[in-house]
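Me: I have a model open and would like to go through it with you. Could you keep to what can be read from the coordinates and the confidence scores?

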Amino acid sequence: MRAFLTGPLIRLFPVGLCVLAVQRTVLTDARAFDVVLQIVLALAAAAGAGAGPERGAVAGFTLGLMYDLAVGSPLGLTALMYALAGFVAGYVFTLTRTPQWWLAGIFTAIGAAVGEAALPAGRTLIGEDGWFTSRLFTIIPVVAVFAVVLSPLFVPLGRWCMCVKKPRWKAMHEA
Amino acid sequence: MAIYSVGRRRVMLLLVLTSIFLVSLDQRGNAVIDRSRSLLALALEPFDAAARSIALPVQNAWHGMVSYDDVRRENEALRAQIEVQRGAEIEARAAILEFEELLILNQLDGAGSYPSLTVRVQGERASNFQYTVQIDKGSTDGIEVGMPLVNGAGLVGKISQVNPNSSIVLLVSDPEFSIGAKLLTKAELAAAVPSSASPTANGSTVATGTTLADTADTADTATLNTIDRVPGPLDPVVIGAPTTARPTPSAAATVDSVPAGTDGTVAPDATTDSQTGSDVVVSTISPTTTSTTIEVGEIVIETGSLSGQGAGRPLLMRFVEDSASKGRVKVGAIVQTAGGIRSISPPGLPIGVVTAVREQTGSRALLVEVEPAANLNKLSFLSVVLYVPNTSGT
């Protein structure tokens, strides 16, 4: 954990601030099908696809905490769901034999979809009802497609944030 | 660079436990977390400003290309709407003045008695599962958590988080939003007019409703039985003197028409019903030539709890009793904030209009759907009502 505090966190925090600023300003207006595109979630999932499930989970948790603090959602809730997104994206990606950039995109989308779908479940668990509506069938695909679009940029960025070099990334699959 | 390595299970377990701990702390309210939010908000300010300054020209250019026709059409529609509303505005102004006069007379606080602060909406919701907006003023301007926000149309939301230079507003449409509300409706026509009432010989009736009806052509003076009591702030407005009738205890029953006697005198039993307490307020301007009749329906107040249901769905008011004695809840009834010692807002802030009334099986309480008066999709400038509830009860 000390290595995380001295390595990835130093990179992840400023990158997270930039991405959060985009989330809070640009993406609140630029919506698709009235769905708010989730750039922070896309980065969390991409970090998982680029750095593996454990590091993806930690990156997702860190970004989610920043998101909770900035947006005003219950602290720790989005963090847990984004950790799940990073973990899922990283886990399914490690199942593949040869890492390809387009596969990373698909798994980033899967992670983002899982993270976004888990959010209403988490809110229900803490007593906030009313989020399980048919709109989820619009929200989740849109968020996933947006994650795919950003993955060519975000997977390397996530890998860099988590201090994982490309040879090591490839070695994760061989192992 | 060293790469940390901890077991997969341990990582996930640690994150889950940390998350549960943080959620528990945050739900109970924690000063450290609030401070952390404020610090991050301060750290994000330059990033937000940079993102806005970069994105704004691009957004403007995009909207210019894509939305020009829509904006022009909307502009034309709004101009037409303004014309229509000019007449209504004059009536509304008169009503507000009378209302404020009554509040002063009764030494009551109305929604307009509280100072307010105009704020600008900086950004809309950043999440698909939270209906919030960010405004450009915070604790340095005197804003506190819980203060209500209104726009020209009505209640918009309440402050849920305050940073030094910005705040986050929880909109009324958010399922987490809840507020005490009162429902202003009117009693049944049938209840207000007894069966013994008969129309005039020539069949004419005095026009009634919430509008002012000039009955000068009748050249009569109307007299009424009265009930001795102190009028309340929501009682019918009596204009002119001398007044021959006083308001009823529960203020106002709705009567669509009131029969007048052949001599122009309204029969007492025709206008005052002992069960409903409704009556018609008549004032005489000139005993020989003119009488002006204002009828204000009986305003029945039902209180309940109003909460959001998400975007595109109406607000839901619960715990509304369906009572014949108090009046049936009808589509079109007005909903306002109820106020009270523990309420986040003062009484009388308009919320919206009833669009549907649903019955619940096994309960007399109704589920009332309310369409918010404020357009929550297009918020630009808002007013924060600087109201702090008196929780001490003194």
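Me: Is Cys163(A) buried or exposed?

Reply: Cys163(A) counts as buried, because it has 22 C-beta neighbours inside 10 Å; a residue is called buried if 20 or more other C-beta atoms, placed from the backbone, lie within 10 Å of its own, exposed if 12 or fewer, and partly exposed in between. Please keep in mind that this is a predicted model, in which local features need pLDDT of at least 70 and side-chain atom pairs count only at pLDDT 80 or more, while totals for chains, interfaces and linings use all residues. Residues are numbered from 1 along each chain as its sequence is written, and chains are lettered from A and ligands numbered from 1 in the order in which they are written.

Me: Where does Cys163(A) sit, and what is its phi near?

Reply: Cys163(A) is in the loop between helix 7 and helix 8 (166-174) of chain A, and its phi is near 55°, a positive value in a residue other than glycine. Helices (H or I, at least four residues) and strands (E, at least two) are DSSP runs, numbered from the N terminus. Most residues other than glycine have a negative phi.

Me: Which other residue, in the loop between strand 1 and strand 2 of chain A, should I look at?

Reply: Asp34(A) lies in that loop, and its phi is also positive, near 60°. Asp34(A) is partly exposed, because 13 other C-beta atoms lie within 10 Å.

Me: Back to helix 7 of chain A: how far apart are its end C-alpha atoms?

Reply: They are only 30 Å apart for 26 residues, short of the 38 Å that a straight helix would reach at 1.5 Å a residue, where the expected span is 1.5 Å times one less than the number of residues. Helix 7 of chain A bends by about 70° at Ser151(A), and a proline, Pro152(A), follows within four residues. The bend at a residue is the angle between axes fitted to the seven residues ending there and the seven starting there.

Me: And what about the bend in helix 6 of chain A?

Reply: Helix 6 of chain A bends by about 25° at Leu119(A), with a proline, Pro120(A), following within four residues. Its 25 residues should span 36 Å, and its end C-alpha atoms are 36 Å apart, which agrees.

Me: Switching topic, how many residues does each chain put into the contact?

Reply: The contact takes 48 residues from chain A and 46 residues from chain B, where two residues are in contact if their C-beta atoms, placed from the backbone, lie within 7 Å. Helix 2 of chain A gives the most to the side of chain A that touches chain B, with eleven residues.

Me: What does the largest nonpolar core look like in numbers?

Reply: That core has 78 residues, and Ala85(A) and Ala112(A) are among those with the most contacts inside it; a nonpolar core is a set of buried Ala, Val, Leu, Ile, Met, Phe, Trp, Tyr and Cys residues joined through C-beta atoms within 7 Å. Helix 5 of chain A gives the most to this core, with 13 residues.

Me: Where in chain B does pLDDT stay under 50?

Reply: It stays under 50 over residues 189-296 of chain B, pLDDT being the predictor's confidence in each residue, from 0 to 100. Where pLDDT is low, the predicted coordinates should not be read in detail. Chain B averages 70, chain A has a mean of 88, and the model scores ipTM 0.86 and pTM 0.68.
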